[in-house]
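Reader: I am new to this structure and would like a close look at a single part of it, rather than a quick tour of everything. Please choose a part, go through it slowly, and tell me how its pieces fit together.

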Amino acid sequence: MNYGSVEFYREYFYKVQMDRRMVGCVAVIPRTGFSEIKSLLVDQEYRSFKVFNKISDFVTLKSLEHDRPCVVVKVSKHNPAVLLYRRKRFKPLTVSEYPEIYGSLKQDCVACHAIVKNICNPTYLVIDTRKTPYDIEEWKNKVEAGTE
């Protein structure tokens, strides 16, 4: 994470559990006007569309609970997870549609590239809950149904 100490953001980290076993983690960091998915990690043997659905619904609900209608994730363009995000209604984030979010993310990239001296060539994907047929109660129901 390039926002400082992970300790400072501890309250935004969540366990990913399947059958009462911890199989991964994810952070949903509230930012100005949106939430960002960070530190998503799932044990390789548990990577599946079922687990991804559970995580996707959960991070969207958490974002809504923080009054952030948009959830953004930064992914390498060549990461196979891009296809999973696209199946869950994440779409490429464009500067024309989301100029403030794009500007914030671009600043992060510039700062990161200056520190690590590497160009990662990411793609940003967004799910905008204002453009889905669900309200916060329906997202809660989706998350609760996924835990059974």
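Author: A residue is called buried here when its relative accessible area is under 20%, exposed when that value is over 50%, and partly exposed in between. By that cut-off glutamate 36 is buried, because its relative accessibility is 2%. The model is a predicted one, and the part I have chosen is the sheet, together with the charged side chains that pair around it.

The sheet is open and is built from 6 strands in the order 1-2-3-4-6-5, with mixed pairing. Strand 1 and strand 5 are the edge strands, each of them pairing on one side only. Helix 1, which covers residues 49-65, packs on this sheet and touches strand 1, strand 2, strand 3 (34-42), strand 4 (70-76) and strand 6 (122-128), while its direction makes about 150 degrees with that of strand 1.

Begin at the edge formed by strand 1, residues 13-18, where the side chains alternate between two faces. Tyr14, Val16 and Met18 point to one face and are buried, whereas Phe13, Lys15 and Gln17 point to the other face and are not buried. Strand 1 pairs with strand 2, residues 21-31, in the antiparallel sense, and 6 bridges join the two. The buried residues of strand 1 can be followed across this pairing: tyrosine 14 stands opposite valine 26, valine 16 has glycine 24 as its bridge partner, and methionine 18 is partnered by arginine 21. Strand 1 and strand 2 make a hairpin with 2 residues between the strands, and in that hairpin aspartate 19 takes a positive phi near 50 degrees.

Strand 2 itself is mostly covered, with 8 of its 11 residues buried. On its way to strand 3 the chain makes another hairpin, again with 2 residues between the strands, and glycine 33 in the turn has a positive phi of about 85 degrees. Strand 2 and strand 3 run antiparallel and are joined by 7 bridges, and in this pairing arginine 31 of strand 2 stands opposite phenylalanine 34 of strand 3.

Arginine 31 leads from the strands to the charged pairs. Side chains of opposite charge can pair when their charged atoms come close. In the whole structure a search finds 10 salt bridges, and one of them joins arginine 31 to aspartate 108, with the closest N and O atoms 2.8 Å apart. Since aspartate 108 lies in helix 3 and arginine 31 in strand 2, the pair ties together parts that are 77 residues apart in sequence. Both aspartate 108 and arginine 31 are buried.

A further salt bridge is formed where the side chains of glutamate 36 and lysine 38 meet, at 3.8 Å from N to O. Lysine 38 counts as buried, because its relative accessibility is 15%, and its partner glutamate 36, as said at the outset, is buried at 2%. The two pairs described so far also belong together, for Arg31, Glu36, Lys38 and Asp108 are linked in a network of salt bridges.

Another salt bridge reaches helix 1, the helix that packs on the sheet. Lysine 88 pairs with aspartate 57, their closest N and O atoms being 3.3 Å apart. Because lysine 88 lies in the loop between helix 2 and strand 5 while aspartate 57 lies in helix 1, this pair ties together parts that are 31 residues apart in sequence. Lysine 88 is buried, with a relative accessible area of 15%, and aspartate 57 is buried as well, with 8%. Leaving aside residues up to four places away in sequence, lysine 88 touches Phe49, Phe52, Asn53, Ser56, Asp57, Ile127 and Lys142.

As a contrast, look at alanine 114, which has its place in helix 3, residues 99-116. Alanine 114 counts as partly exposed, because its relative accessibility is 47%. Its C-alpha atom is separated by 25 Å from that of valine 71, a residue 43 places away along the chain. Helix 3 thus holds both alanine 114, which is partly exposed, and aspartate 108, which is buried.

Technical notes: Residues are numbered from 1 along each chain as its sequence is written. This is a predicted model: local features need pLDDT of at least 70, side-chain atom pairs count only at pLDDT 80 or more; totals for chains, interfaces and linings use all residues. Side-chain values use heavy atoms; hydrogens and water are left out. Buried means under 20% relative accessible area, exposed over 50%, partly exposed in between (1.4 Å probe, protein chains only). Contact means heavy atoms within 4.5 Å. Helices (H or I, at least four residues) and strands (E, at least two) are DSSP runs, numbered from the N terminus. Two strands pair if DSSP finds at least two bridges between them. Axes are lines fitted to C-alpha atoms, for helices over the stretch in contact, and angles run from 0 to 180 degrees between N-to-C directions. A salt bridge is a side-chain nitrogen of Lys or Arg within 4 Å of a carboxyl oxygen of Asp or Glu.
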